[in-house]
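Student: Could we go through this structure and pin down why each feature gets its label?

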Amino acid sequence: MGAYQYRPLDPHSHKPSSSSSKNPGCFLSKPACAWLACGFLSLALLHLLCCSPAGNQRAAFVSPLLNYINNTYSFVSSVPEGVKKSCNYSEGQWVRAPGHARRYNATQCDVKESHDCIRNGRPDTGYLDWRWQPAGPPSCVLPAFDAGAFLSATRGKHVAFIGDSMARNQAQSLVCLLSAAFPSRLLHRDEGHQQKHNFWRYAFPAHDVRVSFYWNPFLVRATGKAEDESVPYNHVHLDQPGDRWGADADTIDVAVLAAGHWLLNGAIYYNGSEVTGAHNAPAEMNYTGIGYTWPLKMVYRTAVERLSSAGGGRPRTLVLATFSPAHFDGRPTDSPTACTKMEPYKEGEKEVDWVCKEVRDIVYGEAEAARARSGAATRIEVLDVTKLATMRPDGHPGVYMNRDPFKHGVPDKIYSDCLHFCLPGPVDTFNEILLQILRNRR
């Protein structure tokens, strides 16, 4: 294992970080020939509107042409390699786009059963008909996921998702998106009903790309409830990388780190063999309460320093994902009425809550600090999904984490998943943004 140096923070010196609301906008260069083609198509459309038969016959002419223009514009908006500009995807709104997320069969790509909403009998599929439109000028668009472009950008590399179940949700989405277009092979999966979801690795031989998921909800070494639900507490070692991914760090070229949910729940925290403090521990344990913000800084710091120092200066990209919130909205987790909304929130209808903002600020702060510490070989980026995820209460499995939940009537109590997203679903957008991060070099 490569050498790294742990730099602890004083838990009592925390100062709140301010969130940045800057949106640099987006300016996209577009090939002149494509714009010329759009101009001719627009003239043709005007001719049809003026001269074609009325009513349904006119619609029969106009509708296909509108679709063609839309597809051409989407092609033009996908900026070619070498002329990309920065586009801020963290703000925006969901707009209706029929079929946008209908890209793969989740059963065929072997996702976790509780996320396979269509297989489990969810009758409404409108949650698949939305795309994320970034705020800013119309030229700032988020292109649909392109499997070939992703594999080309990561050719010969090992892409690793490290973290909690939202990291797994995104990792499974990526494997499905890629497998729908290119042959894949499962290299390894742990055995056991639950263990099989804790570590797996796929290969995409045509591009020599490997995609792995490492279950490590605290990012660092942890024992207790995270590994065995019968244990009441988690014991988290802030200065030690997770055992499994830490051992593989030298092989990882692109790492997506996602944590937060488990740190909010609480744990007993250690630095070396000494207890530093605890969060949400029973009072009788008599540990100093240190909250969750300082431990969250520490787990990102330890993970980034391990990956930055691995592989002897090997170029790598580290992507820190922000918090994706749940939508129980005050209802019990076993209520059949939890997360039953069927459309995204509109702009201004739902605000990002203060906890999500605080966690997002910590991620941005640690990314900025990591850039100052890391060498030129390590690229540090933030995958900011908090706003777009906040606005999608309709995209969760809900009661359809269970197979045919109403087969025998409506139960009084049934567990609902209002945290993870259906596959396919809104989490695919996380990977659309990840692709743009990988293609757009600073």
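What follows is a conversation about the labels in this model.

Tutor: First the ground rules: this is a predicted model, where local features need pLDDT of at least 70 and side-chain atom pairs count only at pLDDT 80 or more, while totals for chains, interfaces and linings use all residues. Residues are numbered from 1 along each chain as its sequence is written, and side-chain values use heavy atoms, with hydrogens and water left out.

Student: What makes β4-β5-β6-β3-β9-β12-β13 an open sheet with edges?

Tutor: Strands here are DSSP runs of E with at least two residues, helices are runs of H or I with at least four, and both are numbered from the N terminus. Two strands pair if DSSP finds at least two bridges between them. The seven strands form an open sheet in that order, with mixed pairing. β4 and β13 (378-383) each have a single partner strand, so one side of each is left without a neighbour in the sheet. On average, neighbouring strands of this sheet are turned by 15° against each other, direction ignored; the axes behind such angles are lines fitted to C-alpha atoms, for helices over the stretch in contact, and angles in general run from 0 to 180 degrees between N-to-C directions.

Student: How do you know that β3 and β5 both pair with β6?

Tutor: Count the bridges. Strand β3 (residues 158-163) runs parallel to β6 and is joined to it by six bridges, against a required minimum of at least two. Phe161 stands opposite Phe213 of β6 there. Strand β5 (residues 199-204) also has six bridges to β6, but in the antiparallel sense, and Phe199 has Tyr214 as its bridge partner. β5 and β6 form a hairpin with four residues between them, and Asp208 in that turn has a positive phi of about 55°. Elsewhere in the sheet, β12 and β13 run parallel with six bridges, and Ala321 stands opposite Leu383 in β13.

Student: Why is strand β6 called mostly covered?

Tutor: Buried means under 20% relative accessible area, exposed means over 50%, and partly exposed is in between (1.4 Å probe, protein chains only). In β6 (residues 209-215), six of the seven residues are buried, so "mostly covered" fits.

Student: Why is the contact between Arg244 and Asp190 called a salt bridge?

Tutor: The label asks for a side-chain nitrogen of Lys or Arg within 4 Å of a carboxyl oxygen of Asp or Glu. Arg244 and Asp190 have N to O at 2.7 Å, so the pair qualifies. Arg244 lies in helix α5 (residues 243-248) and Asp190 in the loop between β4 (185-189) and β5, so the pair ties together parts that are 54 residues apart in sequence. Arg244 is partly exposed at 41% relative accessible area, whereas Asp190 has 18% and counts as buried.

Student: What makes Lys341 and Glu349 a salt bridge?

Tutor: The closest N and O atoms are 3.8 Å apart, and the cut-off is within 4 Å, so the label holds. Lys341 at 31% and Glu349 at 43% both count as partly exposed. Glu366 and Arg301 also meet in a salt bridge, with N to O at 3.1 Å. Glu366 is in helix α8 (residues 354-373) and Arg301 in helix α7 (residues 293-309), 65 residues apart, and both are buried. The whole structure has 21 salt bridges, and Glu91, Glu347 and Lys387 are linked in a network of them.

Student: What makes Asn280 and Asp329 worth a remark?

Tutor: Most residues other than glycine have a negative phi, and most peptide bonds are trans. Asn280 has a positive phi of about 60° and lies in the loop between β11 (274-279) and α7. Asn280 has 56% relative accessibility, so it counts as exposed. Asp329, in the loop between β12 (316-321) and α8, has a positive phi of about 50° and is partly exposed at 43%. For the peptide bonds, look at Leu423 and Pro424, joined by a cis bond with omega of about -5°. Pro424 sits in the loop between α9 (386-390) and α10 (427-439).
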